[in-house]
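Please open the structure in your viewer and keep the sequence panel beside it. The stops below are meant to be taken in order, one selection at a time.

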Amino acid sequence: MVFSSGNKIPVVDLGLHDRHEILKHILKASEEYGFFQVINHGVSKELMDETLNIFKEFHAMPAEEKIRESSRDPNGGCRLYTSREINNKDIVQFWRDTLRHLCPSSQDSMQFLPQKPAKYREVVAKYTQEIRRMGLEILELLCEGLGLDPKYCSGGLSESPLLLGHHYPPCPEPSLTLGAPKHRDPNLVTILLQEKDINSLQVFKDGEWIVVEPIPYAFVVNIGLMLQVISNGRLIGAEHRVVTNSEFARTTVAYFIRPTSKQIIEPAKSLISSGAGPCWEKNFKG
Ligand code: OGA
Ligand code: NI
């Protein structure tokens, strides 16, 4: 496998005054890479730090407590996944623990979220609200750039977001396993908060893995397969993976913009040109 030399994923400045410029940059990045980082996005550094810290604190709790705090929803809307503790030597074990739950949309849904660390609910409610605002703005720019109604994805298509708090502990043998295997995200758009100074996320492009070097206080945004389908193959749901290291633990928080289960995902009618028909699989091999 070839490792990247100088290729970097694009950086988009959301603070530019010219909305059309922002739209052009986002569209180009999504067509060529399916990944970009955003700066000047309006989410405060304090909230970003607080959010990463609350997930670090969660994952530092004893196992029994983590299990208890993530098991309140009888419908499984909140879950803890761990791959390292599977007691089966024959299968590949990825080096990651994940707390995964629906985003709180009401006081009612809050009752299923962890109550420990003490500020968990408060911080997560604030964070998901802010990220939703930014995520919907990015979706509007993408839809507009595709020639669709800017609100094309604003209803049911983005109404059931998920939050994933990943924790990648140091791995004693990094050459033997990954933090997350090569995959494409199954949703519309993912917004990832990652730690400074640890180069672990890689994107596959043109036969090589490109490292997503963390820019302090930027978010990583990537296109998921559903938006690839809706855009009829114009935007790329790129393959990516997470590598391990033996020195540092790494925490990330992924916000998955996702439809309700009733939605049908199909190419937007206006993007199926009469001759070509649906061609959303064009970048999809495997
Ligand atoms: C994901 C993902 C990357 C990371 O949640 O789908 O790819 O660095 N996360 O945690
Ligand atoms: Ni992913």
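Two residues are counted as being in contact when they have heavy atoms within 4.5 Å of each other. Please also keep in mind throughout that this is a predicted model.

With that cut-off in hand, select I272, which is found in the segment after β13 (250-257), and display its surroundings. Once its neighbours within four places in sequence are left aside, I272 is in contact with N232, P267, G277 and P278. The side of the chain around I272 is not closed off, for this residue is partly exposed, with a relative accessible area of 29%. If you then add I236, 36 residues apart from I272 along the chain, you will find their C-alpha atoms separated by 16 Å.

Next, select the nickel ion (ligand 2): which protein atoms are its donors? They are H183 (NE2), D185 (OD) and H240 (NE2), lying 2.1 Å from the ion, and in sequence these donor residues follow the spacing H-x1-D-x54-H. Because H183 lies in strand β7 (residues 178-183) and H240 in strand β12 (residues 240-243), the pair ties together parts that are 57 residues apart in sequence. When you colour by accessibility, H183 is partly exposed, with a relative accessible area of 27%, whereas H240 is buried, at 5%.

Finally, move to helix α5 (residues 120-145), whose 26 residues reach 37 Å from the first C-alpha to the last, close to the 38 Å expected at 1.5 Å a residue. Just after α5, select G147 and inspect its backbone, where phi is positive, at about 90 degrees.

Conventions. Residues are numbered from 1 along each chain as its sequence is written. Chains are lettered from A and ligands numbered from 1 in the order in which they are written. This is a predicted model: local features need pLDDT of at least 70, side-chain atom pairs count only at pLDDT 80 or more; totals for chains, interfaces and linings use all residues. Side-chain values use heavy atoms; hydrogens and water are left out. Donors are N, O and S atoms within 2.8 Å of the metal (3.2 Å for Na, K and Ca); water is not among the atoms, so sites may look incomplete. Helices (H or I, at least four residues) and strands (E, at least two) are DSSP runs, numbered from the N terminus. Buried means under 20% relative accessible area, exposed over 50%, partly exposed in between (1.4 Å probe, protein chains only). The expected span of a helix is 1.5 Å times one less than its number of residues.
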